[in-house]
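This report describes the surroundings of a bound ligand and the arrangement of the protein chain that holds it. Please examine the sequence and structure shown here before reading on.

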Amino acid sequence: MSIDIKKIGLFTSGGDAPGMNAGIRAVVRACVYHDKEVYGIYRGYQGMVENDIVKLDVRSVSNIIQRGGTILKSARSDEFRTIEGRKKAFESLKSNGIDALVAIGGNGTFTGLHKFYQEHGIPCICLPGTIDNDLPGMDYTIGYDTATNTAVEAIDKIRDTALSHNRLFFIEVMGRHSGYIAINSGIAGGAVAIIIPEEETSTDELIAKIDVGAINNKKSSLVVVAEGGESGNVWKIANTIKEKAPYYDVKVTILGHLQRGGSPSYFDRVLASRLGVEAVEGLLNGIKDVMIGVKDGKTVYVDFDTVDNNRHEIDEESLRLAKILSI
Ligand code: F6P
């Protein structure tokens, strides 16, 4: 361990994700293990600006590994978007003696952190905490596995009622610009069609697909729709289908924020635990201004340009699989 870091500040930012608490616990425990002080910054960048910072100890993170949400809270901060706001945030850190940062969040969180590093030079590492799984250079983000399991559980329940009434359901799942939750909950939930931002689907194609199922004796159908798709929101799609194919009894369910809550899966807990420890050790070894992740089983550090200029593509094989299985 080569770099002289004494006090690490830790915060969560952006949309919360199941597993953030496991990440917080891991960062705190790793700091204590390596004889470093650790400070919790509440409400993300806004708490940094307002000096809402509290020293944490090994017991501050007891009994949180299984809990959804984030004990450090999360908030959007317009103030941190300004140079003055970031200066105030830097002063807060200085007044607490914080000389390095670990963040848990998505794209926006990392963008803020990178800017802050460029202006104030505080070494920092970001853990990927978002249900969207939209970060390039790594396989999974913290929270994605739990959110997808939650979506599948809900889809299974909708399937029961869809079947009882011979209905066609449109189920909207989260994923602002990313079809990851949709494609995999759709495959796992047996959807007849999956609509994602990464792929265009015309309503005529969609009706043709659903019709094939009906002709082949399918009594009910589920269509999973990612919220951020080009084809418009789920209501728009469902209403167009109602108009063009009035012979279907169409219903819409929006899963929304329930996908963000709940106890994290074992996968998200382990991923967050591993990345939390490795982020602290990375900082102590001089690594900074990166997002940490796991790719093909190995720890990777992804720089800002990679995150900013690329997207986490959905692999062709998943798309092919969804098509084959939906007939
Ligand atoms: O980025 C995570 C996410 O849950 C997206 O899937 C969703 O579009 C967005 O956050 C919702 O944000 P908010 O909680 O601010 O409405």
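## Ligand environment and domains

Sorted by class, the shell around the ligand contains 2 nonpolar, 3 polar and 5 charged residues. The model is predicted. The residues that surround the ligand are R76, T130, I131, D132, M174, G175, R176, E227, H257 and R260. As for its location, the ligand occupies the largest pocket.

Side chains from this shell also approach oxygen atoms of the ligand. The table lists three such pairs, each between an oxygen atom of the ligand and an N or O atom of the side chain named.

| Side chain | Ligand atom | Distance |
|---|---|---|
| D132 | oxygen | 2.7 Å |
| E227 | oxygen | 2.4 Å |
| H257 | oxygen | 2.9 Å |

On its own the ligand has 400 Å² of accessible area, of which the protein covers 78%.

The next topic is the division of the chain. Two domains are assigned to the protein chain: domain 1 spans 7–143 + 264–309, and domain 2 spans 145–260. Their contact involves 14 residues from domain 1 and 12 residues from domain 2. Taken over C-alpha atoms, the centres of domain 1 and domain 2 are 34 Å apart.

Where does the ligand lie with respect to domain 1 and domain 2? Because domain 1 and domain 2 both give residues to the shell around the ligand, the ligand lies between them.

Definitions and conventions
Residues are numbered from 1 along each chain as its sequence is written. This is a predicted model: local features need pLDDT of at least 70, side-chain atom pairs count only at pLDDT 80 or more; totals for chains, interfaces and linings use all residues. Side-chain values use heavy atoms; hydrogens and water are left out. A residue is near a molecule or strand if one of its heavy atoms lies within 4 Å of it. A polar contact is a pair of N or O atoms within 3.5 Å; within protein, one must be able to donate a hydrogen and the other to accept it, and residues adjacent in sequence count only if both atoms are side-chain atoms. Accessible areas come from the Shrake-Rupley method with a 1.4 Å probe; for residues, only the protein chains shown count as cover. On a 1 Å grid over the protein atoms alone, a cavity is a set of points where a 1.4 Å probe fits but cannot get out, and a pocket is an open set with protein on both sides within 12 Å along at least five of seven lines; lining residues have an atom within 4 Å of a point. A molecule sits in a cavity or pocket if more than half of its atoms lie within 2 Å of its grid points. Ala, Val, Leu, Ile, Met, Phe, Trp, Tyr, Cys and Pro count as nonpolar, Asp, Glu, Lys and Arg as charged, and the others, Gly among them, as polar. Domain bounds come from an automatic or database domain assignment. Contact means heavy atoms within 4.5 Å.
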